[in-house]
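Subject: Structure handover

Hello,

Here is the structure you are taking over. Please open it before reading on, and keep it open while you go through the notes.

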Amino acid sequence: MPIIKTADDVQLYVKDWGTGRPFVLIHGWPLNADMWDTVAHELVEKGFRVVAYDRRGFGRSSQPGAGYDYDTMADDLAAVIDGLSLSDVTLVGFSMGGGEVARYMSRHGGKGVSRTALVSAVTPYLLKDDSNPDGVDGSTFDGFIAELKKDRPAFLETFGKQFYGVGMLDWSVSSAYLEWTKEMALQASLRATIGCVDAFGRTDFRADMAAFKVPTLVIHGTSDATVPFEISGKRAAGAIAGAELKAYDGAPHGLHYTEQDRLVTDLANFAR
């Protein structure tokens, strides 16, 4: 697999599968590119090239002490697109990855991108303040950080169940899959994991929405308990000119797994 070096000498681990019109898939917090494996495999089988990379600090990429802000992470995305000489890209951001998509479109003018998709994304703005009274209270993100410092494996085990909408009597997601998700998250550095909480929880992307000048698909589960549909997917679709909204009724945050067949079909049809 190729390694892309960023402007500040961080090495990004990149998976590059298949041939054809390219997808670039950006993973969510606190996972890595492996979360996309089944979706990526199926898109390759449908005739696409699929690139997915580990965000700095996560998975097999370098773990620097700094750079967990969206300007830097958008520059990292630019390094991947430029480093692989990609064009006509369908750029897909899941959860916090939607922030990289938004900031890339504004900061880098959407270079090489012909379509964008926001999946369970944090855009346009999560934090509750006077301008966003229906947002998520900052104490929620402070609590994440406190629990990560106290007992990261325990926090991630509980968070993973919410991520996939798993209840006490719900066996739709196996314990083995939940364990794999936790192991994936634990590959990241603690510093990156904490730094990205502040990034996705407190970054305002509302000004970036005007930079989406290409066809855009917004996919969000109506039962997302991690990034609520009403303040994220619904608002993002309304803020992006011409965006198409696909609300997955009853789907949780981690719909890349729970709704993966539908997601693959929708992404493939959109890219065509």
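The notes below cover one helix, one pocket and some points along the backbone. Please keep in mind that this is a predicted model.

Helix α6

Helix α6 takes in residues 190-202, which makes 13 residues. At 1.5 Å a residue, a helix of that many residues should span 18 Å, and the C-alpha atoms at the two ends of α6 are indeed 18 Å apart, so the expected and computed spans agree.

Many positions in this helix can be looked up in the viewer as buried: A192, T193, I194, G195, C196, V197, A199, F200 and G201. A residue counts as buried when its relative accessible area is under 20%. What do these buried residues of α6 pack against? Their partners are two other helices, α2 (70-83) and α4 (138-163).

The second largest pocket

F200 turns up again here. The second largest pocket has a lining of 17 residues, and F200 is among those that lie nearest its centre, together with F141, F144, T226 and V227. The space in this pocket comes to about 160 Å³. Which helix gives the most to the lining? That is α4, which supplies six residues.

By type, the lining is made up of 12 nonpolar residues and five polar ones, with no charged residue.

Two cis peptide bonds

Two prolines deserve a look. The peptide bond that runs from W29 to P30 is cis, and its omega is near 0 degrees. To find P30, go to the loop that links β3 (22-26) and α1 (37-45). T123 and P124 are also joined by a cis peptide bond, with an omega of about 5 degrees. P124 sits in the loop between β6 (113-119) and α4, and α4 is the helix already met at the pocket.

Two positive phi angles

The loop between α2 and β5 (89-94) contains S85, and D88 is found in that loop too. S85 is not a glycine, yet its phi is positive, at about 50 degrees. D88, also not a glycine, has a positive phi of about 55 degrees.

How exposed is each of them? S85 has a relative accessible area of 63%, and the cut-off for exposed is over 50%, so S85 counts as exposed. D88 has a relative accessibility of 31%, which lies between the cut-offs of 20% and 50%, so D88 counts as partly exposed.

Regards

How values were computed:
Residues numbered from 1 in each chain as written. Predicted model: local features only at pLDDT ≥ 70, side-chain atom pairs only at ≥ 80, totals over all residues. Heavy atoms only, no water. Helix = DSSP H or I, 4+ residues; strand = E, 2+ residues; numbered from the N terminus. Expected span 1.5 Å × (residues − 1). Buried < 20%, exposed > 50% of the residue type's maximum accessible area, 1.4 Å probe, protein only. Contact = heavy atoms within 4.5 Å. 1 Å grid on protein atoms, 1.4 Å probe; cavity = no way out; pocket = protein on both sides within 12 Å on 5 of 7 lines; lining within 4 Å. Points joined across faces, edges and corners; volume = space filled by probe spheres on them. Nonpolar A, V, L, I, M, F, W, Y, C, P; charged D, E, K, R; others polar.
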